[in-house]
Amino acid sequence: FAEIAPRSTRAIVGTAHQMGITIGILVAQVLTTPAFGLTGSVERWRFTFVAPLACAVLETVVLPFCPESPSYTFRTRGSQQALQSLAELHHSASIHQHMEMLRAETTLDERMQGLTVAQLFRAKDLRRQLAVGVVIQLSMQFSGIDAIFYYSTLMFREAGVHNPQLATTALGLVNVVTTLVAIAAMHKVGRRTLLLSAWPAMCISYIVVAISFFGEEAFGLSA
């Protein structure tokens, strides 16, 4: 999506992938929550897999009608075929501008094609970009959000929540809503500001979670 989107909306369109993931998680949670009476039972849990099967069938049917990637077409078939793909995806006013971007990206890719991993780490002009990319990816992996979702039902049960599975589904709904907020905020303040403000908030949130679990033993707090 980000490849074919206009530059002004590329960041937002790229976030649609994450939006789809959060919606998929929420749908799975709704289907498997016993309180909703759908597939969250011993007898009907197998029917949960019908949902991803339907999505796969829909994608198989729709994908052949989608236009080719302009970037891929430019590299493999030339500029004329790429222009045809761009004409299906962009307004006529932005086609040539996007075409120039494809040429510039292709030239840069060709220049960087023979770069080894060792040369990449030694390249001074790429050091800052490489460091930012690595830190962001590591932060995503070490953020702990996967652990929160994997063990959320157990955490809510240990916290004494009456219906921990329903609480997990509510957590999935919060995940979808905050993703929408992040998309809107990204459009207004930019990705850098959003990251710099979100990381401290994440640290504070995890400190609160840790204290809520270990506070009773370590600090004598009541549950």
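Student: In this predicted model, what distance separates the end C-alpha atoms of helix H8, and what span should its 19 residues have?
Tutor: Helix H8 covers residues 124-142, and at 1.5 Å a residue, counted over one less than its number of residues, its 19 residues should span 27 Å. The distance between its end C-alpha atoms agrees with that expectation, because it is also 27 Å.

Student: Which residue just after H8 takes a positive phi?
Tutor: Once helix H8 has ended, the chain reaches a residue whose phi is positive, at about 90°. That residue is Gly144.

Student: Which helix supplies the largest share of the largest nonpolar core?
Tutor: The core has six residues, namely Phe74, Ala82, Leu86, Ile95, Met99 and Leu102. Helix H5 (79-89) and helix H6 (92-112) each supply at least two residues of this core. The largest share, three residues, comes from H6.

Student: Which residues does Ala82 contact, leaving aside its neighbours within four places in sequence?
Tutor: Ala82 is itself one of the residues of that core, as are Phe74 and Met99. With the sequence neighbours within four places left aside, the contacts of Ala82 are Pro70, Thr73, Phe74 and Met99.

Student: Is Thr179 buried or exposed?
Tutor: Thr179 lies in helix H11, which runs over residues 164-189, and beyond its neighbours within four places in sequence it is in contact with Gln18, Met19 and Thr22. Its relative accessible area is 8%, and since buried means under 20%, Thr179 is buried.

Student: Where in the chain is confidence highest?
Tutor: The mean pLDDT of the chain is 80, and 88% of its residues reach 70 or more. Confidence is lowest in helix H1 (residues 10-14), at a mean of 71, whereas the highest mean, 93, belongs to helix H3 (residues 50-62).

Note on methods:
Residues numbered from 1 in each chain as written. Predicted model: local features only at pLDDT ≥ 70, side-chain atom pairs only at ≥ 80, totals over all residues. Heavy atoms only, no water. pLDDT = per-residue confidence, 0-100. Helix = DSSP H or I, 4+ residues; strand = E, 2+ residues; numbered from the N terminus. Buried < 20%, exposed > 50% of the residue type's maximum accessible area, 1.4 Å probe, protein only. Contact = heavy atoms within 4.5 Å. Core = buried A, V, L, I, M, F, W, Y, C linked by side-chain atoms within 4.5 Å.
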